[in-house]
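Here is a short report on a protein–DNA model. Please look at the structure first, then read on.

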There are 2 protein chains.
Amino acid sequence: MSTSAVRESGSLAELIEADIYSGALAPGMWLKQIDLEQRYKCARLALRHALEQLHSRKVVQHIPNRGYYVPPIDSEHVHNILRARALVEMSVVEELIQNITDESLARLSYLASVFAETVKTGTVLEQDSANHAFHRELLKSCRNSVMVEIIWDLRMRVPLAAQRASNTPAKLERSARDHFEMIEALRTKDADRLRMITERHVSQYHFGSGDR
Amino acid sequence: MSTSAVRESGSLAELIEADIYSGALAPGMWLKQIDLEQRYKCARLALRHALEQLHSRKVVQHIPNRGYYVPPIDSEHVHNILRARALVEMSVVEELIQNITDESLARLSYLASVFAETVKTGTVLEQDSANHAFHRELLKSCRNSVMVEIIWDLRMRVPLAAQRASNTPAKLERSARDHFEMIEALRTKDADRLRMITERHVSQYHFGSGDR
DNA sequence: TTGGCTAATTTTGGCGCCAATTTTTGAACA
DNA sequence: TGTTCAAAAATTGGCGCCAAAATTAGCCAA
């Protein structure tokens with residue numbers, strides 16, 4: 001179950017970030033350099049560079065002379081991130097509706113059904129991957145690359161485990177249906193409806209009270 | 001006119017970032033390590049760490065074996081950043097109106113008049129500093145720290161020189177008046193009006209065609 | 001057995017050295 | 001005089017070594 005050795009595609013920092021997102025490196029875990037060195041089969045220096053990068057982007061936290069660690073889940077912070085995502089994604093709705101093409105709508109329909117299928121049969125990681133594919137296609141219609149960056153950054157800042165903490169099969173199916181509704185709203189160029197679905201779609205992950 | 005020596009407050013990376021923002025390190029300029037070492041009176045290694053951090057946050061760009069450099073102004077990118085800022089700042093308008101207190105409104109009035117005064121008599125840096133003070137106070141009423149981070153990040157991603165490229169005294173005075181109008185909209189809890197002013201306030205910096 | 005103190009081990013992180021690469025300089029040739 | 005190629009200088013960036021700090025282990029005393 002080890003993460004792959006160093007593929008040349010994807011820097012070390014990205015590999016670590018992906019493992020934090022997926023939960024392979026769990027929240028709160030200390031990232032001992034000697035362990036990561038073996039896990040990723042990399043040199044000590046490259047590792048330290050990667051950790052510094054991730055630290056500057058707040059993907060990992062750092063205490064001098066103690067080391068780096070995966071940020072513990074702070075449910076208030078997660079709530080803020082999800083709320084920010086909802087607001088930002090709603091902000092680009094108008095542009096999506098303006099720029100969407102028929103070809104893109106066709107691809108979205110396909111990707112939505114792939115996701116719906118994965119919800120039934122796939123693993124959590126496969127579900128997430130299919131979900132990303134749908135939203136990546138969707139965001140292709142947003143010409144403002146800065147907004148797209150912000151949205152993906154916000155997406156990656158909530159580890160999968162935290163997103164799925166309160167996920168029931170029913171919620172997942174609702175997610176799948178949301179995708180089809182989004183496509184319908186895009187087709188009819190109904191901005192208000194798309195905004196509403198978007199808000200609901202993101203906010204469904206909110207959970208109630210905070211442990212920690 | 002040299003930047004101060006190493007103050008302990010503010011990491012090296014922040015010092016460099018501030019100099020890039022202010023234009024002391026101009027767009028397109030190569031950041032030779034030997035020069036920065038002297039400028040900031042720092043060790044080589046600390047400098048390299050700072051540059052790596054800034055690179056990972058895209059504050060500087062990097063070509064292996066060639067070095068780091070300040071990103072050239074890309075007016076399309078600047079346009080995207082400003083548009084993103086407008087959208088994101090408009091997204092928090094509702095929350096600002098909900099949370100603003102009378103004390104904060106009083107402080108805003110003071111800071112707005114300070115800015116208005118600075119527009120007449122101060123340097124560009126003083127104007128920018130007064131402007132920041134106003135917006136910092138304004139954003140204190142936004143409880144979502146993630147949104148606040150995004151807004152400040154977007155602010156700092158456009159160097160002052162690029163912002164002020166097309167700035168006339170008339171535009172600056174308009175900015176000063178905008179601040180008072182924003183206070184008025186906050187007082188009357190007029191979200192639509194505040195959104196409108198915000199969009200205008202940010203978009204005024206857009207310039208026409210792109211050199212380079 | 002338990003609490004606290006000291007020694008040993010582990011881990012992080014900085015510094016100097018050197019190799020790889022690029023840029024500049026200089027000279028030979030058309 | 002302009003161009004091309006080669007040698008020299010300068011610059012970046014990686015690696016190993018070692019010191020500072022922290023954690024763990026061990027020991028003594030209550």
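## Around DNA strand D

Gln33(B) meets DNA strand D through its backbone: an N or O atom there lies 2.9 Å from a phosphate oxygen of the strand. This is a polar contact (a pair of N or O atoms within 3.5 Å; within protein, one must be able to donate a hydrogen and the other to accept it, and residues adjacent in sequence count only if both atoms are side-chain atoms). Two side chains also reach phosphate oxygens of strand D. A polar side-chain atom of Arg66(A) is 2.4 Å from one, and an N or O atom in the side chain of His62(B) is 2.5 Å from one. Elements giving two or more residues to this surface are helix H3 (44-56) of chain A, and helix H3 (44-56) and strand S2 (61-63) of chain B. Helices (H or I, at least four residues) and strands (E, at least two) are DSSP runs, numbered from the N terminus.

In total, 14 residues surround strand D; Arg66(A), Lys32(B), Gln33(B), Arg44(B) and His62(B) come nearest. Here, near means that a heavy atom of the residue lies within 4 Å of the strand. Sugar and phosphate make up 72% of the strand D atoms that come within 4 Å of the protein. The surface has four nonpolar, five polar and five charged residues. Ala, Val, Leu, Ile, Met, Phe, Trp, Tyr, Cys and Pro count as nonpolar; Asp, Glu, Lys and Arg as charged; the others, Gly among them, as polar.

## How the model is read

The model is predicted: local features need pLDDT of at least 70, side-chain atom pairs count only at pLDDT 80 or more, and totals for chains, interfaces and linings use all residues. Residues are numbered from 1 along each chain as its sequence is written, chains are lettered from A and ligands numbered from 1 in the order in which they are written, and side-chain values use heavy atoms, with hydrogens and water left out.

## Around DNA strand C

DNA strand C has 16 residues around it, and Lys32(A), Gln33(A), Arg44(A), His62(A) and Arg66(B) come nearest. Sugar and phosphate account for 73% of the strand C atoms within 4 Å of the protein.

Lys32(A) places a polar side-chain atom 2.7 Å from a phosphate oxygen of strand C. Gln33(A) uses a polar backbone atom, 3.0 Å from a phosphate oxygen. Arg48(A) reaches a base: one of its polar side-chain atoms lies 3.0 Å from a base nitrogen of strand C. By class, this surface holds six nonpolar, five polar and five charged residues.

## Helix H11 of chain B

Helix H11 (residues 191-203) of chain B has 13 residues. Its end C-alpha atoms are 18 Å apart, in agreement with the 18 Å expected at 1.5 Å a residue. The expected span is 1.5 Å times one less than the number of residues.

Ala191(B), Leu194(B), Ile197(B), Thr198(B), His201(B) and Val202(B) are buried in H11(B). Buried means under 20% relative accessible area, exposed over 50%, partly exposed in between (1.4 Å probe, protein chains only). Down the axis of H11(B), the buried residues fall within an arc of 125°, so they line one face of the helix. The arc is that of the directions from the helix axis to the C-beta atoms.

## A buried histidine in chain A

His135(A) sits in helix H7 (residues 124-139) of chain A. It is buried, with a relative accessible area of 2%. Beyond neighbours within four places in sequence, His135(A) is in contact (heavy atoms within 4.5 Å) with Trp152(A), Arg155(A), His179(A), Met182(A) and His201(A).
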